[in-house]
Every structure is written in C-alpha cells, then in structure tokens.
Amino acid sequence: MSRLQDRLKHLRNHARGVSLGLAAGAALMAGLGAATPALAQDKTITAVMHSGLRVLDPIITTAHITRNHGYMVYDVLVAVDENFAPQPQMADWTISDDNLTYTFTLRDGLKFHDGAPVTAADAVASLQRWGKRDSGGQLIFDVTESLEATDNKTIVWKLKSPFPALLDTVGKQSAVPPFIMPERVASGSADEAITDYTGSGPFVFVADEYQPGVSVTYRKFEDYVPRDGEASWMAGGKNVKVDEVKWVTMPDAQTAINALLSGEIDYIEQVQIDLLPLLETSEDVTVETRDDLGYQTIGRMNFKHPPFDNPKIRQAAQMALSQEAVLATLIGNPDYYKVCGAIFGCGTPLGDEAASDTLTSGGDIAGAKKLLEEAGYDNTPIVLMQPTDVVSLTAQPVVAAQAMREAGFNVDMQAMDWQTLVTRRASQSKPSEGGWNIFFTNWMVPEINSPLISPMLNGRGDDAWFGWPEDEKIEELRAAFIAADTPEMQKDVAVEIQKHTLENVLYVPLGQYIMPQARNNRLTGMIPSPVPVFWNIEKAE
C-alpha cells in the first residue's frame with residue numbers, strides 16, 4: 001500500500017487548485033438560493049456534500065449523509081478519539097469490578113434545542129431505540145439485564161455477562177451512533193422515522209429552510225456547552241466558531257469545483273479523482289484526505305427473494321465480479337485505490353484476504369457461468385439499483401451489471417438518485433413490486449473493521465441490515481469473537497468470519513479507495529476525521 005500512503009502524505013502536505021475563468025452562475029445560485037441581508041452578515045460555511053439529504057432519522061438508516069446530519073444535530077454519551085479510544089462526551093462512567101454494571105453520569109449544562117435539560121431518561125430511551133437497529137447494539141442488548149435512569153443524571157446499565165467492547169460500541173463514530181434524542185422522540189418505534197428533530201448537539205436543524213435533496217441549513221446552538229479539551233474525531237470540545245452551515249447539492253462535479261475555485265462555496269466533501277488537476281495550482285484551495293484507510297466499496301444482495309435466496313446464485317454473481325475492474329472505473333488512478341479482499345479492510349488488525357481469490361484476481365466469468373447453470377437459474381430479472389448522482393457510487397453498478405450479464409444473468413439496471421435508493425433499499429417488497437435484488441454502497445474502513453460494528457455481518461433476518469440474511473452461523477461466530485480472550489483468538493475467529501462471509505456471500509467486498517476533500521483556505525481548523533464535522537472550524541473574512 002506504499003503508493004497509496006505516499007500519495008496521502010503528498011495530499012496532506014500540499015495545497016492544490018487552479019485559477020480559471022469560471023462561470024458557476026445560474027447553476028450555482030439555483031443550489032445556494034438567495035441569501036437574505038441578515039444572513040449575508042453572518043459567517044456561513046457553504047458545503048457540497050457527497051449526497052443530498054432526504055432521510056433525517058439517523059437511527060433508521062446507515063446512509064452516511066444522514067449520519068453526518070446526526071452529528072450536526074445530536075450529541076452522544078461516549079465518543080472515540082483519533083486513537084480509537086472511547087472518551088466521555090455527554091457522560092462520564094464507572095465500571096463495577098465484575099464488569100457487569102456501567103454507571104454513566106451526565107455532565108452539567110446539557111440542553112436540547114427547545115431549552116429542556118437532557119436527562120438520563122432521554123439517554124435510556126435513545127439507547128434502547130438504537131439497540132433495536134444497530135448491529136453492535138443488538139449484541140449488547142442480548143446480554144443486558146437492565147438499563148434504567150436512577151435519577152435525572154444517572155444511567156445504570158447492568159449486564160448478564162461481560163461485554164468488553166461495550167464502550168467501543170456505544171462510542172463508535174459509525175454506522176449508527178447512539179445519538180441522544182428527547183425521550184418523547186426516542187420512545188417511538190425504531191421502525192418508523194422520527195418527525196421531531198429536536199437535537200442535543202452543537203447545531204440546530206433549520207426546518208423552515210430545508211429543501212429535501214437540495215439544501216439544508218444548520219444554525220449554531222447558542223446554549224450548547226462544549227466539553228472541555230481539544231476536539232479529536234467525535235470526542236473533545238465541539239466548539240462552533242461560525243454562525244451557520246449550509247449544505248447544498250451540486251450533482252455535477254465540474255460545477256462544484258468551479259464554485260469552489262470562484263469562492264462561491266467553501267467545501268467539497270468528495271472530489272472526483274480525474275478532476276484533481278483543476279485544483280493543482282490554486283493558492284486558495286487545499287485538497288486533503290480525512291483518513292488514511294479510506295473506504296471499502298461493497299455489493300449487497302437481497303436474501304429474501306429469488307434468485308439471491310439461493311447461495312449458489314449469490315456465489316455465481318460474486319465470482320463474476322472483479323475488484324480491479326470496479327476500482328479502475330470508479331477511481332481510475334491506482335494511487336488512490338487498492339485491490340483488497342479483506343472484509344475488515346487491509347491495514348487493520350483483523351484484515352485477512354482468505355476466500356477472496358476470484359475477486360482479487362480479476363473475476364471468473366466462465367466459472368460464474370458454469371455455477372449459474374448448475375444452480376438452475378431461470379432467467380429471473382435481477383433488479384440492480386443504480387444511483388446516478390453520487391461520484392463515488394456511479395461506476396460500481398455499471399461494471400457489475402456488465403460482468404453479471406456476461407455470466408448469464410438477466411440484469412434490470414434501474415437508475416435513480418442515491419436518496420431514492422436509500423429509501424427503496426428498506427423495502428422488503430418483491431423486486432417486481434418496487435423491491436430490489438442488489439445495490440452497491442461504500443463504508444469507511446473504521447466502521448467495518450470489526451464483526452461487532454460491521455452492519456453486514458448480522459444474520460438476524462428482518463432485524464439485520466438491508467438484505468436481511470438469516471444466518472445462525474455468523475451469529476455464532478460473532479458470539480465467539482466476543483468471548484475470545486486474546487487478540488490472537490479474536491484474529492482466529494475473524495478469519496473464520498472472513499471465510500464464512502465470502503463463501504455465503506453475505507456481501508461482496510470490492511476493494512478500498514481514497515476520496516479526497518477540498519476546502520477554501522479561508523476555512524481553518526477542520527478536524528482530520530473520517531466523518532466530516534463542522535465544529536472547530538473558523539472562517540476568515
């Protein structure tokens with residue numbers, strides 16, 4: 001991975017950009033909207049994120065844009081820092097000598113956006129709702145004896161058996177963090193989206209300026225009390241130093257770059273690799289990465305409906321796919337991607353590439369075709385959802401559809417925007433009735449580097465992540481991982497999970513890549529976190 005690391009070092013230490021005669025004009029203003037005179041005097045960060053925002057409940061989906069929204073609006077009890085160490089955020093804690101009782105104490109000054117104090121009852125309701133949706137949370141609640149608020153500031157979590165990774169799981173930055181909501185909101189169904197967006201975090205969601213999929217505004221919460229200490233990933237002091245942050249949608253990458261170079265916007269979350277040369281000589285723009293490990297791109301099949309309810313047909317589809325073909329089309333420049341068959345990511349403690357040979361060696365169309373015939377595939381159409389508006393998700397469906405067709409699959413590739421896909425993938429309807437068979441997405445490597453947090457490694461059927469596999473073996477292996485006493489024993493179990501995942505095609509890992517971000521140099525203090533956050537940032541005049 002040396003070329004990738006060298007490139008990352010280069011990106012971190014050098015500013016980039018170009019001085020061009022640009023015309024962002026009408027297209028830009030359509031995305032930004034007209035600023036009022038009052039807001040024009042405020043310090044506003046205008047950011048182009050990787051996707052428009054339509055789903056506002058960060059517990060019912062793992063979509064990164066909704067998670068990013070969650071960190072703007074809500075806070076968490078515990079947060080991991082840049083060393084992956086859990087740190088107190090809204091609460092401090094103590095652990096009993098037998099490791100069965102965790103007592104959390106809320107810090108002073110915590111308020112919701114409506115002015116009400118944050119109480120232990122709010123935290124308990126939020127944790128319980130989260131535990132019904134999150135893969136790691138489900139594991140903790142499997143061994144939970146009780147979780148209760150003993151007074152307004154104290155939460156007591158009693159376990160039936162030790163769960164050594166409890167703080168790591170509760171404090172993880174993704175995929176579904178346990179954001180703290182008011183009890184009246186969190187006590188609702190975990191399967192129905194919330195409609196009250198009263199938060200506990202450093203920014204207030206401005207509902208009357210929200211345009212789904214187009215624009216969203218967050219205003220500084222004046223009564224938010226940051227924790228003491230320096231900001232480190234999701235931990236430490238979340239000090240907001242601007243008046244508001246506005247996310248705008250610009251599906252055209254060139255338009256976004258033009259807008260950044262002309263100073264009309266301040267930040268682009270993901271820069272298309274082949275457009276980086278446009279930024280290489282500008283003194284006003286910095287291109288950088290937030291995380292050395294980057295992302296893993298993956299394919300996920302639907303286990304509830306034919307034909308992918310048949311493991312042999314899933315195996316045939318996986319056999320047809322080539323990581324190199326996907327990554328070369330998605331990223332292009334090999335300095336920014338790595339063929340990697342490890343479901344936990346290459347460069348991580350649990351990373352192992354067992355059983356990934358066809359994926360990492362270019363695929364096997366002939367073998368896939370033979371296996372498909374043996375499985376008795378009857379030409380059932382494969383509904384493959386194709387997002388068209390996210391730079392990091394446009395190539396995978398096209399490359400996969402072509403490979404699967406060559407192997408003999410009847411692929412029905414259906415184009416849609418990413419937020420439509422995010423909504424549709426939650427449907428368990430038949431593919432012919434608005435459901436689906438396969439889609440592709442991306443994960444930050446830190447959010448899939450353990451079987452306790454990876455959403456795809458959940459075999460609980462309807463309680464599992466989208467695709468809903470029923471797999472007792474993966475649940476047994478996750479339990480064995482929890483019970484493992486040493487890192488060496490955990491690694492042994494992780495290798496078994498790696499093999500089982502690929503042999504049963506719980507999902508298809510399609511390699512790792514880096515997607516740089518770009519910001520105007522008037523923004524300083526941006527935290528180098530895998531999750532883009534907007535506290536700690538200052539904006540010069």
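**Cavities, aromatic pairs and unusual backbone in a predicted model**

A search of the whole structure finds four cavities of 30 Å³ or more. The structure is a predicted model, and the chain averages a pLDDT of 91, with 92% of the residues scoring at least 70. One stretch calls for some caution: over residues 1–40 the pLDDT stays under 50, and the model has 75 contacts beyond four places in sequence for this stretch.

The largest cavity holds about 200 Å³ of space. It is lined by 20 residues, of which Val48, Met49, His50, Met250 and Val391 are the closest to its centre. Helix H9 (residues 253–261) gives the most to this lining, with three residues. By chemical character, the lining of the largest cavity divides into twelve nonpolar, six polar and two charged residues.

The second largest cavity holds about 160 Å³. Here 17 residues form the lining, and those closest to the centre are His50, His64, Trp418, Thr441 and Asn442. Helix H4 (64–73) and strand S17 (438–444) each supply at least two residues of this lining, and S17 gives the largest share, three residues. The lining of the second largest cavity has seven nonpolar, seven polar and three charged residues. A careful reader may have spotted His50 in both accounts: it is among the residues closest to the centre of the largest cavity and among those closest to the centre of the second largest cavity.

Helix H4 deserves a further look. Ten of its ten residues are buried, so the helix is largely enclosed by the rest of the structure. Among these buried residues are His64, Arg67, His69 and Tyr71. They pack against strand S8 (203–205), S9, S10, strand S13 (295–301), helix H15 (418–424) and S17. His64 thus has two roles in this description, as a buried residue of H4 and as one of the residues closest to the centre of the second largest cavity.

Attention now turns to the aromatic rings. The structure holds 19 aromatic pairs. In one of them, the ring centres of phenylalanine 84 and tryptophan 233 are 5.0 Å apart and the planes meet at 80°; because planes over 60 degrees apart count as edge-to-face, this pair is edge-to-face. Phenylalanine 84 lies in the loop between strand S2 (78–80) and strand S3 (86–88), and tryptophan 233 in the loop between strand S9 (215–220) and strand S10 (244–248), so the pair ties together parts that are 149 residues apart in sequence. The two partners differ in their surroundings: phenylalanine 84 is partly exposed, with a relative accessible area of 40%, whereas tryptophan 233 counts as buried at 6%.

A second pair, tyrosine 377 and phenylalanine 409, is tilted, with 5.3 Å from centre to centre and 50° between the planes. Tyrosine 377 lies in the loop between helix H13 (365–374) and strand S15 (382–387), while phenylalanine 409 lies in the loop between helix H14 (395–407) and strand S16 (411–416), so this pair ties together parts that are 32 residues apart in sequence. Both tyrosine 377 and phenylalanine 409 are buried. Elsewhere, Tyr197, Phe205, Tyr210, Tyr218, Trp247, Tyr267 and Phe534 form one aromatic cluster.

Some details of the backbone are also worth a visit. Most residues other than glycine have a negative phi, and most peptide bonds are trans. Tryptophan 233, already met as a partner of phenylalanine 84, has a positive phi near 50°. Alanine 355 has a positive phi too, of about 70°; this alanine lies in the loop between S14 and H12 and is partly exposed, at 41% relative accessibility. A cis peptide bond joins serine 174 and alanine 175, with omega about 5°, and alanine 175 sits in the loop between helix H7 (166–170) and helix H8 (183–186). The peptide bond from proline 306 to proline 307 is likewise cis, with omega near 5°, and proline 307 is found in the loop between S13 and helix H10 (311–320).

The loop that holds alanine 355 also holds threonine 348, between strand S14 (337–338) and helix H12 (357–360). Threonine 348 is buried, with a relative accessible area of 10%. Beyond residues up to four places away in sequence, threonine 348 touches Leu293, Val445 and Asn449. Threonine 348 and valine 445 are 97 residues apart in sequence, yet their C-alpha atoms are 8.5 Å apart in space.

Notes. Residues are numbered from 1 along each chain as its sequence is written. This is a predicted model: local features need pLDDT of at least 70, side-chain atom pairs count only at pLDDT 80 or more; totals for chains, interfaces and linings use all residues. Side-chain values use heavy atoms; hydrogens and water are left out. pLDDT is the predictor's confidence in each residue, from 0 to 100. Contact means heavy atoms within 4.5 Å. On a 1 Å grid over the protein atoms alone, a cavity is a set of points where a 1.4 Å probe fits but cannot get out, and a pocket is an open set with protein on both sides within 12 Å along at least five of seven lines; lining residues have an atom within 4 Å of a point. Grid points are joined across faces, edges and corners, and a volume is the space filled by probe spheres set on the points. Helices (H or I, at least four residues) and strands (E, at least two) are DSSP runs, numbered from the N terminus. Ala, Val, Leu, Ile, Met, Phe, Trp, Tyr, Cys and Pro count as nonpolar, Asp, Glu, Lys and Arg as charged, and the others, Gly among them, as polar. Rings of Phe, Tyr and Trp (its six-membered ring) pair if their centres lie within 6.5 Å; planes under 30 degrees apart count as stacked, over 60 as edge-to-face and the rest as tilted. Buried means under 20% relative accessible area, exposed over 50%, partly exposed in between (1.4 Å probe, protein chains only).
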